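Here is a short report for a reader meeting this structure for the first time. Have the sequence and the 3D view open while reading.

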Amino acid sequence: MTKYITKKSGKYWPSKAMKEIAWVNDKKIYKQANKNPVKFWSELAKKGIMWEELWDEKKTYIEKLPYFWWFKGAKLNFCVNALDRHLGRSEKPALIWVPEPIKEKPTILTYKELYDKVNKCANLLKKLGVKKGDAVSIYLPLIPEAAIAMLACTRIGAIHSVVFSAFAPDALKARIQDCKAKVLITADGYYRRGKKENLLKKAKKALRKSGIKKVLVVNRLSKNKTYFGKFLSFNKELEKVDLYCKPERMNSEDPMFILYTSGTTGKPKGIVHDTGGYAVQAYYTAKWNFNLHDQDIMWCTADIGWITGHTYAIYGPLLNGTTSLIYEGTPDFPKQDRWWKIIDKYKVSVFYTAPTAIRMFMKFGNKYVNKHKLKSLKILGTVGEPIDIDAWNWYFKKIGKSRCPIIDTWWQTETGGTLINVLPGIGPFVPTIAGLSFPGTRHAIVDKKGKKTNKGFLTQVSPFAPGMLHGVWKNHKKYVETYWKKFKTKYDTSDGAILKSGLIRVTGRTDDVMKVAGHRLATAELENTINDHNLVNESAVVPIPDKIKGETPIAFVVLEKGKPSEKLEKSLKSHVDKHLGPTSRPSKIFFVHALPKTRSGKIMRRILKNILTNEELKGLMTLVNPKCVEDIQRLIKTDEIFKNIEDKNANNLFKKD
Ligand code: PRX
């Protein structure tokens with residue numbers, strides 16, 4: 001079996017075989033790109049993307065902080081780049097969709113078939129009155145129609161806003177209202193662990209007073225269901241429209257999509273990505289990081305509700321004319337080797353997932369993975385949170401069979417595409433280290449004052465990458481406050497990082513954002529939801545390390561009425577499930593008399609976290625009510641359930657390093 005890595009002076013490097021197939025295998029590229037990043041991206045953009053009209057060379061990159069523009073005034077259509085240009089090889093599979101039920105047949109859509117469906121869907125949206133610049137909300141599970149709907153929006157210049165299907169109705173409603181979506185595309189449901197989930201019921205709840213005029217419903221569970229009023233059958237309506245839809249001529253800087261994400265405040269921000277810059281970064285990062293060639297099959301396990309699903313399950317592979325595999329269901333259904341079976345069956349060559357999934361499979365033991373050869377794999381990727389050494393080693397040995405490099409990619413919803421990782425043809429592949437800024441991008445680790453250091457805050461410096469966000473939807477103030485207030489001319493990532501022998505290790509968020517099973521959640525968002533419960537006076541949420549999920553939220557609640565009880569804890573948890581979704585559910589709720597606060601009334605979450613993780617308590621002097629700390633300590637010590645929350649300190653070792 002071909003080995004794609006080799007070991008030299010204690011580190012893994014690309015083998016000769018990898019160097020031979022790598023698009024990029026000479027580290028000089030970093031220096032060249034860094035000499036003039038604007039020229040570098042300009043040349044790449046011309047080669048990689050089909051433009052209808054090029055930009056004025058002098059205006060390749062315009063910066064008027066806090067905003068910047070790439071390829072301003074250039075014309076293109078994103079969908080043409082993802083589909084039309086591959087029609088020469090129209091029989092090549094674009095999408096392989098694996099449904100959860102083992103007996104159901106997969107759907108394989110060739111580029112031509114996907115193209116036809118996207119064209120029809122685009123015409124359907126137009127028929128419903130959607131115009132260039134209008135927003136369309138997409139609340140779909142991981143089914144082919146999700147890709148079809150997203151691409152159809154890009155064909156007609158509508159802005160899509162995908163909302164994760166596990167989110168609760170309130171979350172969907174808030175997102176629909178914020179972007180004033182004209183149409184919602186949803187489904188009757190999907191399969192989860194063999195059970196039918198009713199998505200339409202949740203969508204209907206969200207729609208009350210949402211302003212949505214038309215709802216397209218994909219029949220995923222029942223083939224022939226009919227709909228009335230504002231609800232239309234996606235499948236049936238598609239039959240009534242023309243087969244070809246002329247692509248809209250878009251400006252490079254026109255918004256292509258909005259994706260809502262958590263920040264430090266309770267309200268999610270609509271991160272805006274434009275068309276041309278995003279296309280260039282999605283195309284090249286997918287191509288170079290995962291070394292995509294014609295015969296490759298890429299499987300990015302992320303849901304389309306997240307940026308990883310946008311860029312590497314759909315857009316990056318399609319821009320490159322690659323086959324992308326998507327899977328509807330739960331990783332361990334019906335057995336704990338479902339994922340490995342899929343890899344072997346479809347000969348997946350590039351596999352991209354999150355540390356939380358790797359840790360879950362580690363827990364199942366090796367017997368499931370040992371049954372599978374996984375010999376089609378060439379490159380493994382990881383994303384979403386820092387990967388600890390045990391997970392890295394297991395992924396490397398058990399999935400990669402010590403043959404494949406692991407590309408640890410650091411990036412964010414805001415950055416659109418990956419930014420810090422080593423390239424497979426260059427290396428080195430060092431456990432827990434993301435590595436180097438992607439050629440043509442620059443990062444600096446700085447102290448509080450913005451001065452360069454080896455351990456501190458991770459920032460990005462000018463010229464900013466082409467795929468970066470173009471503001472927060474209709475909220476300039478939030479954009480400035482979140483990303484530019486702290487370091488002015490540097491983009492603030494809100495992550496901590498360490499520079500080690502010239503390589504960057506990202507250590508995790510430095511703000512009040514948690515990464516729970518790879519999902520990004522704001523403590524404030526969860527607190528607001530808990531506070532909305534009629535028995536709650538106030539609450540504080542802090543994350544603690546978790547062996548599988550990376551982090552898990554713990555809530556401290558002061559009641560307004562009622563008495564603490566297990567029943568109330570349960571009811572609060574289901575209140576969170578109902579309003580935010582089960583991903584946000586706290587693993588434990590402590591009912592306390594008071595929360596530690598400063599004189600100005602600020603809740604000291606850091607103290608709560610230190611109590612939970614048995615760390616030294618600092619800053620007690622600043623508290624107006626220090627006695628409550630002892631009460632909370634006592635409560636935690638004696639709580640049987642909390643004692644059993646597995647490996648509370650699991651990842652501390654890594655985090656402290
Ligand atoms: O803290 C970093 C972490 O995920 C955050 C971004 O989350 P989100 O916008 O949901 O996007 C996730 C997928 C791109 C970052 O601020 N993060 C992401 N990748 C890594 C990571 N932390 C460490 N190593 C990574 N490879």
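## A buried aromatic pair and its surroundings

W339 and F351 are both buried. This is a predicted model. The two residues form an aromatic pair of the edge-to-face kind, with 5.7 Å centre to centre and 80 degrees between the planes. W339 belongs to helix α12 (residues 338-346) and F351 to strand β20 (residues 350-353), so the pair ties together parts that are 12 residues apart in sequence.

What else does F351 contact, leaving aside its neighbours within four places in sequence? The list holds W299, T301, W339, W340, I343, L377, I379, L380, G381 and Y395.

F351 also has a place in the largest nonpolar core, which counts 179 residues. There, L125, W340 and F351 touch the most other members. Helix α6 (residues 144-156) gives this core its largest share, 9 residues. Another core lies apart from it, with 21 residues, including I544, I554, L612 and I636. In soluble globular proteins, nonpolar side chains tend to be buried together.

## More aromatic rings

The model has 44 aromatic pairs. One of them joins Y283 and Y284 in edge-to-face fashion, at 4.8 Å centre to centre and 85 degrees between the planes. Y283 counts as buried, at 9% relative accessibility. Y284 counts as buried too, at 5%.

One aromatic cluster is made up of W51, W55, Y61, Y67, F68, W70, F71, F464, Y479, Y483, W484 and Y491.

## Two open sheets

Strands of a sheet pair through backbone hydrogen bonds, either parallel or antiparallel. Take the sheet that contains β20. It is open, has 7 strands and follows the order β7-β6-β19-β18-β20-β21-β22, with mixed pairing. Which strands stand at its edges? They are β7 (107-110) and β22 (406-409). Each has a single partner strand, so one side of each is left without a neighbour in the sheet. On average, neighbouring strands here are turned by 20 degrees against each other, direction ignored. Within this sheet, β18 (residues 297-300) and β19 (residues 323-327) run parallel and are joined by 3 bridges. M298 has S324 in β19 as its bridge partner.

A further open sheet of 7 strands has the order β14-β13-β10-β8-β9-β16-β17, again with mixed pairing. Its edges are β14 (231-233) and β17 (269-274), each with a single partner strand, so one side of each has no neighbour in the sheet. Neighbouring strands of this sheet are turned by 25 degrees against each other on average, direction ignored. Strands β10 (residues 183-187) and β13 (residues 214-218) pair in the parallel sense over 5 bridges. L184 stands opposite V215 in β13.

Helix α11 (residues 307-319) packs on this sheet and touches β9 (159-162), β16 (255-261) and β17. The direction of α11 makes about 135 degrees with that of β16. How many of the 13 residues of α11 are buried? The count is 13 of 13, and the helix is mostly covered. Just after α11, G321 takes a positive phi of about 70 degrees.

## Three polar residues

Next come one residue in a helix, one in a loop and one in a strand.

Q281 is found in helix α10 (residues 276-289). At 1% relative accessibility, Q281 counts as buried. Leaving aside neighbours within four places in sequence, its contacts include T415, G417, T418, L419, A465 and P466.

D84 is found in the loop between α4 (78-82) and β6 (93-98). Not counting residues up to four places away in sequence, D84 touches C79, Y115 and R155.

H519 lies in strand β28 (residues 519-522). At 17% relative accessibility, H519 counts as buried. Beyond residues up to four places away in sequence, H519 touches F164, W306, M514 and T583.

The table gathers distances for two of these residues.

| Residue | Partner | Distance |
|---|---|---|
| D84 side chain | R155 side chain | 2.9 Å, polar contact |
| Q281 side chain | T415 backbone oxygen | 3.5 Å |
| Q281 C-alpha | T418 C-alpha, 137 residues apart along the chain | 8.1 Å |

Technical notes. Residues are numbered from 1 along each chain as its sequence is written. Side-chain values use heavy atoms; hydrogens and water are left out. Two strands pair if DSSP finds at least two bridges between them. Helices (H or I, at least four residues) and strands (E, at least two) are DSSP runs, numbered from the N terminus. Axes are lines fitted to C-alpha atoms, for helices over the stretch in contact, and angles run from 0 to 180 degrees between N-to-C directions. Contact means heavy atoms within 4.5 Å. Buried means under 20% relative accessible area, exposed over 50%, partly exposed in between (1.4 Å probe, protein chains only). A nonpolar core is a set of buried Ala, Val, Leu, Ile, Met, Phe, Trp, Tyr and Cys residues joined through side-chain atoms within 4.5 Å. A polar contact is a pair of N or O atoms within 3.5 Å; within protein, one must be able to donate a hydrogen and the other to accept it, and residues adjacent in sequence count only if both atoms are side-chain atoms. Rings of Phe, Tyr and Trp (its six-membered ring) pair if their centres lie within 6.5 Å; planes under 30 degrees apart count as stacked, over 60 as edge-to-face and the rest as tilted.
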